[in-house]
Amino acid sequence: MRKKSLSKKMDTLLYKENKGLLKSSNKSRVLRKILANKLAVVGAIIFILMVILCYGAPLFTDYSPTAIDLRNRLVPPNSTHILGTDKIGHDMWARILYGGRISIFIGFGSAVGAALIGVSLGTYAGYRGGMLDSVVMKFSEIMMSFPQIILVSIIVAITGQSLWNLIFIFILTGWPGMYRMARSQMLSIREEEYIQALQAFGIKKSIIAFKHMLPNAIGPIFVNITLSTAMFILQESSLSFLGLGVPMEVATWGNIINVAQDLTILREALWVWLPAGIVITVFVMAINFIGDGLRDAADPTQVG
Amino acid sequence: MEGDTIIEVKDLSVNFYTNLRCNKALRNVSFNLKKGRILGFVGESGCGKSVTANSIMRLLPELSRIENGSITFNSDKGPIRIDKLPKNGSEIRKLRGSDIAMIFQDPMTALNPVFTVGYQLNEMLLTHTDMSKKEATKKSIELLADMGVPAPEERFYEYPHEYSGGMRQRAMIAMAMACEPKVLLADEPTTALDVTIQAQIFELMLKLRDEKQMAMMLITHDMGVIAEMADDVVVMYMGNVVESGDAVEVLTNPIHPYTKALLDSIPVLGRGKNQKLEPIKGSTPDPFDRPKGCQFAPRCDYATQICLEEMPKEVLFNKDHKVCCFRCKEFNNGK
Amino acid sequence: MENKGEVLLSVKGLKTYFPIKRGVLKHTIGYVKAVDGVDFDVHRGETLGIVGESGCGKTTLGKSILQLVKPFEGSVDYEIEKDKMVDLTKLDNQKMDIARKKLQIVFQDPYSSLNPSFSIFGSFSDPLKKFGIKKIEDRRKIVGDLLESVNLPRKYMTRYPNEFSGGQRQRIGIARALSVNPELIVCDEAVSALDVSIQAQVLQLFQKLQRERNLTYLFITHDLSVVEYIADRIVVMYLGKVVELADTEELFSNTIHPYTNALLSAIPIADITKRRKRIPLQGDVPSPVNPPKGCPFHPRCPSCREECKSNVPKLTEYVINGKKHYVSCLFAEEFIKKSDSKLEK
């Protein structure tokens, strides 16, 4: 069956080609492949929709995420509260929308922060090689083997819970991955002849690394940033669920799920925690689809 | 019998469908592979020589198709139409290795690095014959010795990365020869090897041709290799056969302007500093944007109006010297 | 053809070794002796061919001369100004910049010699900026002139590498090497990756540029047919050492070293009327990690004698038929006397 449809597609292409209808498109092959990847497009749409909803929250809800309304505790979804309320009367819809702002900020901010540090170090150390490279590599290995939970617990115990502490920890545990990826790219690009030509002209090492090599390595790094964002959002959720993340008053998706630790809420007030759980899942999946699409499109070995 | 045609390719056309475009990689390619003779395929990159060999073995990539033409293998059981066989069906898999074998350019990537060479040789024998493992091992070691691999009993148990480039190519030839195929397709087998090793491999191939009366197809871009090894030659350009025939005849009496231009543009060992090199003007066209008519016409010094509009047909000169050019009779009479 | 012009480059005792490191602390357990004691002179305006098979060290030699790879030992003297020779191996990074203007390199692989993220103009900019061309209009003019000198239109400078064919990219690589007005260019297998009909175009371009600019070439290749056409003199290398050095014609007609002989007889000649029975050299091309004792060629040499297994031959100068001919073989004189050449000492 598959053979037949492939054969038919070929026939159509042949017919079009003979008629001169096909021209080498100037549109980038990468763009074309991304647009052809339906999952990636769906992911992008979902992502954009959710970002608009969260950052444009005042347009979509009248409630404040921190407003307590003790007369309306644990109200199931109805016309005034679309997703009901929790134990102290917070409007769940508002909490999810405003919470999204924080979660997305943590996820994306940590990913970009980790990338800035990891990629800069990876580019320079990877190109220079030698002692510098060995030392940073060992250091990154130490960082990577450190269990994140323990680190979080220690820092929370010392400085207390806060948004910025969390971002700090995520960057601290996230940069080694970026560093190693950037470094491996550098190691392979370093052997290209155009780099050797620059060395023959005596161009400075830092210029070669950042101006000439980095643009060729940037593709996989962008993919990594999107996937890291998803990962950090999940990590924030887990940590907040355990009570180690952002303080309870600030709404984040993870904090909202935290209440599900209480068995009664878990069983009888699904509207409090389930929507947030679904939102996290859908958002992370969307980002993963985008990341996969980017990776497949940028990969020159994939035939299309 | 020497000279018998064992593979006949007629009007073979193959299209590639990648990047949502259609590339007419081969058009109306015809030639015969004969027993006990080496058929040299020469042409520059993009001319379709590897595609031709892959078509015979049905190893073309997914997004491609044999549009028309025929590939006939004259086996002991009668003629088999290879182009009609299902792509990865059992019939073609039976033919591959036992009747028609192929060796490739880069022996490092053609041999599986995680298995010993002996294991891979045995695999070949065990798939196509009824031998037991012990018998296969014995035969494999004999094969390695025949192909000139020193200390074959130990080499049998080694991995490809422990072999040198020349030895790996010999191991690959041993694998190809394991089931005594009647045809050997060699796709640039020595391009990646040093010149002194290349000479050894060619000596081996000539020995195989003479002792086993094998039909060989030798693909190369190096005219020197053709001059040294080929009995018959096919010259290809942009997917078309432009000239073919007996090697001595074609190379001493080239008729097609491309063949002549190619021979004039390469430095020949022994002719010294003052030989005249004539580069071919222009460059090969984009395969997705091919010229109408004769593919070489835009670069040909002798092109006329009809050359730019229509594809020339094959003209037969003495014996089997074939040329695809509108003005070939003119060029031939000028001699 | 006698020596052209004065000596521009003089290589003496050049050795480039790469350490093999093992273990966590990375101690050196041995060396890859890529270049193992090489001496020769290059004269202004000549094309010196450097030939050999894989592992012979010719590419490393080219890079060592340019200091892209640091030599282990030996000297590379270059005539930086009239009558002033400077040892490049002793220069620090800053002083090396003066030499970098005079010595440049063209690489083998046209598909990796240009940065895919930069336009042609972008690729040329940094070297030009470094060597003093600050204004962008000046740079544009120079890049345009360079493209024209390699027979490409000026407007190509705004295009990206993926829009060019292999032959065009190689010409752009040559233009880039010319951008600083060098005197000597190392061509490292510069035509090996091109289609045969394009090779002729690029070879003739090299010759034209040499005539116009009085360039000197170190032409590294494994293809003896090409080097016979383009080189004035040829150096034959084996396992990091020079085995023979002579004028092109002399080398081909009066070959002395057994390796050169074997090489010449192994090459397929693109003339079907010259088909000959060849005696291929046995054994494999050796690896520079563990070179044989004595003469490096002795395990494969058809004329090997007892002394060859323990004594290392030196590159010795002979004058044959009035021309200088260097051979590194213990029995060179015997081989010379056997051929009918006139040997003067």
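Which residue is the bridge partner of B:Val235 in strand 10 of chain B? B:Glu243 takes that place. The structure is a predicted model, in which local features need pLDDT of at least 70, side-chain atom pairs count only at pLDDT 80 or more, and totals for chains, interfaces and linings use all residues. Residues are numbered from 1 along each chain as its sequence is written, while chains are lettered from A and ligands numbered from 1 in the order in which they are written.

## Sheets of chain B

Strand 9 (residues 232–237) of chain B pairs with strand 10 (residues 240–246) of chain B in the antiparallel sense, over 6 bridges. Strands are DSSP runs of E with at least two residues, helices are DSSP runs of H or I with at least four, and both are numbered from the N terminus. Two strands pair if DSSP finds at least two bridges between them.

Strands 9 and 10 belong to an open sheet of 8 strands in chain B, with the order 6-7-8-3-9-10-12-11. Its pairing is mixed. Strand 6 (100–103) and strand 11 (314–316) of chain B each have a single partner strand, so one side of each is left without a neighbour in the sheet. Direction ignored, neighbouring strands of this sheet are turned by 20° against each other on average.

Another open sheet of chain B has 4 strands in the order 2-1-4-5, with antiparallel pairing. Its edge strands are strand 2 (21–34) and strand 5 of chain B, and each pairs on one side only. From one strand to the next, the twist averages 10°. The table lists the pairings of this sheet.

| Strand pair in chain B | Bridges | Opposed residues |
|---|---|---|
| Strand 1 and strand 2 | 9 bridges | B:Val14 and B:Leu26 |
| Strand 1 (residues 5–18) and strand 4 (residues 64–75) | 8 bridges | B:Asn15 and B:Arg65 |
| Strand 4 and strand 5 (residues 78–81) | 4 bridges | B:Ser75 and B:Gly78 |

Strand 4 of chain B also leads into strand 5 of chain B by a hairpin of 2 residues.

## Domains of chain B

Chain B is assigned domain 1 (5–99 + 181–333) and domain 2 (109–180). These bounds come from an automatic or database domain assignment. The C-alpha centres of the two domains lie 30 Å apart. Their contact takes 12 residues from domain 1 of chain B and 13 residues from domain 2 of chain B. Residues count as in contact if their C-beta atoms, placed from the backbone, lie within 7 Å.

On the domain 1 side, helix 2 (90–98) and helix 8 of chain B each supply at least two residues. Helix 8 of chain B gives the most, with 5 residues. By class, the domain 1 side has 9 nonpolar, 3 polar and no charged residues. Here Ala, Val, Leu, Ile, Met, Phe, Trp, Tyr, Cys and Pro count as nonpolar, Asp, Glu, Lys and Arg as charged, and the others, Gly among them, as polar.

## Chain B against chain C

Contacts link 36 residues of chain C to 39 residues of chain B. On the chain C side, helix 6 (196–213), helix 7 (224–230), helix 8 (248–253) and helix 9 each supply at least two residues. The largest share, 6 residues, comes from helix 6 of chain C. The chain C side divides into 17 nonpolar, 10 polar and 9 charged residues.

Helix 8 (residues 195–212) of chain B also meets chain C. Its axis comes within 9 Å of that of helix 9 (residues 258–266) of chain C, and the two cross at roughly 50°. That makes helix 8 of chain B oblique to helix 9 of chain C. Axes are lines fitted to C-alpha atoms, for helices over the stretch in contact, and angles run from 0 to 180 degrees between N-to-C directions. Angles under 35 degrees count as roughly parallel, over 145 as roughly antiparallel, 65 to 115 as roughly perpendicular and the rest as oblique.

The crossing of helix 8 of chain B and helix 9 of chain C is left-handed. A crossing is left-handed if the near helix is turned anticlockwise from the far one by less than a right angle, and right-handed if clockwise. B:Val195, B:Thr196, B:Gln198 and B:Ala199 meet C:Ala262, C:Leu263 and C:Ala266 there. This contact has 5 nonpolar, 2 polar and no charged residues.

Conventions
Two residues are in contact if their C-beta atoms, placed from the backbone, lie within 7 Å.
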